Amino acid sequence: MASEENSEDTFREYIEKHSLPQIFKALLGGLCTTCPENSLTFIEEKLLAIQSSRDRYKDWNTCIAEDVEEAEVDAPVEENLEESGKKEVEVLASKPDLPQHSPLHDMINIFGATNDDIRKFSFFEEACHFYQKNLMKMCFRAWKGFVVLSKWKKLQPRKMELVHKHYAKKLLRHSFVAWLKWLQWKKQRDRDAAKKLLNVYEEMRRRRMLRAWRLVVQETRKVEPPDFSEKDIISMLPSMLSIKIFEYLESGDLLRCAEVNDTWMAISNTHTLWNKINLSGEKHWIQSHDVQNILKKYRTFVVQLNLRGCLSMEWPVFQCISECRNLQDLNLSECTNINDDAVRTITENCQSLLYLNLSYTLVTNATLKVLARCCVYLQYLSLAQCRKFTDKGLQFLATERGCLGLLHLDLSGCSQITVNGFRHIAAGCSLLQHIVLDDMPTFTDKCLQELTAKCKSLVTISLLDASHLTDTAFETLAQRASLKQLRIEGNKHITDFGWRAICKGSPDLRHLHAANCLLMSDGSMKYIASLKNLTYLDISENTRVSDAGLRHLADGSCAAKLQELNVSHCRVNDIVAVRIVKRYEALQRLNISYCEGISSFDFLNSSSLVSLDISGCNIQDKGLSAVGEINCLQKLTMSECLGITDVGIEKFSKQARRLEDIDISHCVSLSDVSIKSLSSYCKPLARLIVAGCPKITDVGIHYLALFTPHLRELDVSGCVLLTDRSPRTLLKGCRSLHSLTMLYCRGISKRLALRLQPSLRHWEHSRDDAPYWYGSELQAQIQEQQQQRQQSSKERAKKKDTENEDSRRNNRPLPT
């Protein structure tokens with residue numbers, strides 16, 4: 001280590017003695033300035049010159065030739081004069097001193113150069129600028145990194161807060177999922193426990209029943225067998241007669257009768273009773289397995305099957321239906337589980353189908369394709385309110401061999417059918433006789449023309465709510481078809497010309513429904529009156545028909561056979577009404593509701609009417625007595641007849657002993673006295689509507705339960721004074737009741753109302769406030785009066801208790 005230090009000092013002394021740094025600077029300056037072609041030769045020459053005279057080569061420019069130096073000084077001056085101007089020439093010529101803070105200051109100190117030598121080192125200045133620029137970039141990057149780091153440090157707490165929130169949310173979600181799974185498990189455990197308890201209860205119930213049955217059997221063995229006279233009447237009758245009686249029962253009633261005894265079971269199992277199975281009345285309680293068992297047992301005998309509205313039907317039932325080879329009549333309306341596969345399974349196996357109802361189902365074009373291929377003998381088809389099929393599905397009716405003999409087609413509500421669809425129907429179903437096109441606002445004249453182009457056998461057509469048809473459609477219909485039944489309603493374009501065409505083209509017209517046809521006038525009545533075979537006529541809500549038109553109708557040829565007439569909301573006066581009743585000898589049903597021109601009803605006492613509707617008419621008790629003199633009257637509707645009182649109902653009831661159906665809804669003056677009169681005198685009463693009669697109480701319902709054993713339908717909606725006593729009374733007394741409506745009955749609790757539901761086919765109940773048209777103000781007044789009476793009775797009872805207490809205290813006799 002000592003030798004190394006000594007050698008360095010000796011080397012340093014040698015460099016300073018021979019002025020090597022100055023020599024290196026001079027050589028470097030010469031090389032950079034002159035730029036010789038051969039650098040080694042230039043260095044060799046200069047070193048030889050330096051050896052001859054060392055003192056001369058101490059400055060950095062001693063190795064630069066004078067001509068080169070002057071040229072280097074002058075050339076830039078001339079170029080700068082041309083390019084940059086005089087200012088830059090002066091700067092270069094003046095040779096200013098290098099400032100102490102210049103970037104070349106350190107280099108000057110290193111190489112020992114003066115201010116005059118700086119011109120030769122301009123490239124060093126550029127190098128320093130480049131170095132300084134890189135240094136600034138490096139510093140800027142470092143500063144930028146520092147700023148980013150500072151910002152990150154400032155944002156780090158916020159990010160950590162978000163992280164904590166996300167973690168808490170995730171933890172909460174995990175906890176909620178775990179709690180939900182636990183809750184589902186708990187509910188399933190409770191259901192399983194309830195099911196086990198129910199099974200235990202049923203088992204104990206069966207054991208009690210079996211034990212009681214054993215006791216009964218043991219007691220019966222001790223007693224002598226009953227005589228033949230003690231048997232029921234049905235068991236005593238001949239078998240053929242018993243079967244005839246059981247034919248009037250529905251399928252649900254047959255199932256109940258089979259549980260009575262062995263004789264009834266044998267009669268109920270007769271195969272002739274199961275040719276026609278109608279389960280639409282039992283749709284609320286019948287289950288899929290029940291229908292499946294019935295069809296498996298009687299599938300070879302079933303000819304007619306009605307499952308309308310049975311929502312619980314499943315796929316096994318449809319398979320059982322497909323096994324009924326002799327099935328001819330099938331009604332699957334409102335069965336939401338019906339799809340294309342179910343229809344395909346049934347139609348491919350039941351080749352004898354004549355009647356098929358698929359209304360209110362979700363069938364598509366695939367169903368129409370199957371029907372057109374398999375149902376060769378089909379005569380009746382209903383696709384009402386089926387919105388899933390299109391014109392493409394109807395095209396199969398024209399291309400396939402099936403449905404060629406179709407006679408009746410119902411497409412009500414199928415507004416997706418266009419003109420092309422009706423063209424396909426006409427091409428494939430040319431034998432069509434009856435067609436129903438209700439609720440189709442898109443049905444136009446063009447559609448009717450395409451439909452009747454090939455269907456020459458049309459007898460019945462229904463066009464309710466066909467508001468776009470004009471006289472052109474009726475003229476086309478009159479030319480191509482001879483109708484016997486026509487139904488149209490809500491039309492605003494058909495005039496007297498259209499009715500003239502249809503009446504002349506179809507002289508055998510028997511059924512005409514032309515309600516709410518705004519352009520029908522008295523001229524149309526002349527042509528309608530000429531129809532000799534007319535049996536049904538409905539011209540209600542035709543405001544342009546006056547007394548003159550009805551007079552033509554009364555004097556026309558249609559009076560001979562007309563059985564039912566509806567002139568509701570028409571301008572009918574007493575003279576026209578009397579003429580109608582006298583001229584129409586075969587008239588059985590008359591509807592003159594809301595005819596304000598009728599003031600006297602004495603003309604009805606000599607008529608043979610079976611059904612009469614006088615709702616909204618200005619009838620009094622005297623006129624009601626004249627109505628009661630109609631001997632054959634069975635149905636009377638007088639809703640909203642405000643002039644009727646209890647006295648008039650009592651007189652009417654004594655005369656109308658054959659009355660079976662009466663509607664006195666919204667007759668606000670009637671009370672329990674009217675119900676007592678109707679139930680006492682009208683023994684065959686089967687239907688009673690007293691909705692909107694706020695004076696009816698539980699006493700009136702009690703009269704019904706006592707005196708009307710045949711009552712099947714009752715509507716007490718809006719009777720606000722009814723309480724829970726009414727359901728109890730109906731449950732005990734009205735055994736034949738099938739339909740009960742109790743809307744807006746606040747006094748009847750839901751619990752007691754539900755007790756009536758299992759024994760009824762139709763049941764409605766609500767405790768909502770009655771709408772304004774139910775007479776809510778009057779009902780509110782009656783409720784207020786009732787509350788006041790209850791309050792006063794409570795006060796009287798309280799006062800009497802106080803007097804009794806005072807009497808006991810004073811030991812005096814109680815006041816009488």
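**Exercise 1. Which residues form the nonpolar patch on the surface, and how much accessible area do they have together?**

Solution. Start with the members: F176, V177, W179, L180, W182 and W185 make up this nonpolar surface patch, with about 620 Å² of accessible area together. Patch members are residues with over 30% relative accessible area and no salt bridge, where nonpolar side chains (Val, Leu, Ile, Met, Phe, Trp, Tyr) are joined within 5 Å and like charges within 9 Å. Areas here are Shrake-Rupley values with a 1.4 Å probe, and for residues only the protein chains shown count as cover.

Next, pick one member and place it. W185 sits in helix 7 (residues 122-222); helices are DSSP runs of H or I with at least four residues, strands are runs of E with at least two, and both are numbered from the N terminus. At a relative accessible area of 47%, W185 is partly exposed. The scale is: buried under 20% relative accessible area, exposed over 50%, partly exposed in between (1.4 Å probe, protein chains only).

A word on the input: this is a predicted model, where local features need pLDDT of at least 70 and side-chain atom pairs count only at pLDDT 80 or more, while totals for chains, interfaces and linings use all residues. Residues are numbered from 1 along each chain as its sequence is written, and side-chain values use heavy atoms, with hydrogens and water left out.

**Exercise 2. How many helices and strands does the chain have?**

Solution. The tally is 30 helices and 20 strands. For burial, 40% of the 816 residues count as buried. For surface, the chain has about 46,800 Å² accessible, and 53% of that belongs to carbon and sulfur atoms. Finally, take contacts (heavy atoms within 4.5 Å): among those between residues at least 6 apart in sequence, 70% join residues at least 24 apart.

**Exercise 3. At what angle do the axes of helix 26 and helix 27 cross?**

Solution. The axes of helix 26 (residues 672-681) and helix 27 (residues 698-707) cross at roughly 5° and come within 8 Å. These axes are lines fitted to C-alpha atoms, for helices over the stretch in contact, with angles from 0 to 180 degrees between N-to-C directions. Helix 26 and helix 27 are therefore roughly parallel to each other; the bins are under 35 degrees for roughly parallel, over 145 for roughly antiparallel, 65 to 115 for roughly perpendicular, and oblique for the rest. On the helix 26 side, the contact uses D672, I675, K676, S679 and S680, and on the helix 27 side V699, G700, Y703, L704 and F707.

Now look at burial. The buried residues in helix 26 are D672, S674, I675, S677, L678 and S679. Their cover includes helix 25 (646-655), strand 16 (661-663), strand 17 (687-689) and helix 27.

**Exercise 4. Which side chain meets R373 in a salt bridge?**

Solution. The partner is E348, at 3.3 Å, N to O. The cut-off for a salt bridge is a side-chain nitrogen of Lys or Arg within 4 Å of a carboxyl oxygen of Asp or Glu. R373 is in helix 15 and E348 in helix 14 (residues 340-349), so the pair ties together parts 25 residues apart in sequence. R373 is partly exposed at 32%, and E348 is partly exposed at 33%. Zoom out a bit, and D341, R344, E348 and R373 turn out to be linked in a network of salt bridges.

For a second case, try E161 and K165, whose side chains meet at 3.9 Å, N to O. Being four residues apart in helix 7, E161 and K165 are separated by about one helical turn. The structure holds 18 salt bridges.

**Exercise 5. Is L553 buried or exposed?**

Solution. L553, found in helix 22 (residues 547-555), counts as buried at 1% relative accessibility. Leaving aside neighbours within four places in sequence, L553 has contacts that include M525, I528, L537 and Y584. As a distance check, L553 and K526 are 6.7 Å apart in space, C-alpha to C-alpha, and 27 residues apart in sequence.

**Exercise 6. Where does Y360 lie?**

Solution. Y360 is in the loop between strand 4 (355-357) and helix 15 (365-374). Then check the backbone: Y360 is not a glycine, yet has a positive phi of about 60°. Most residues other than glycine have a negative phi.
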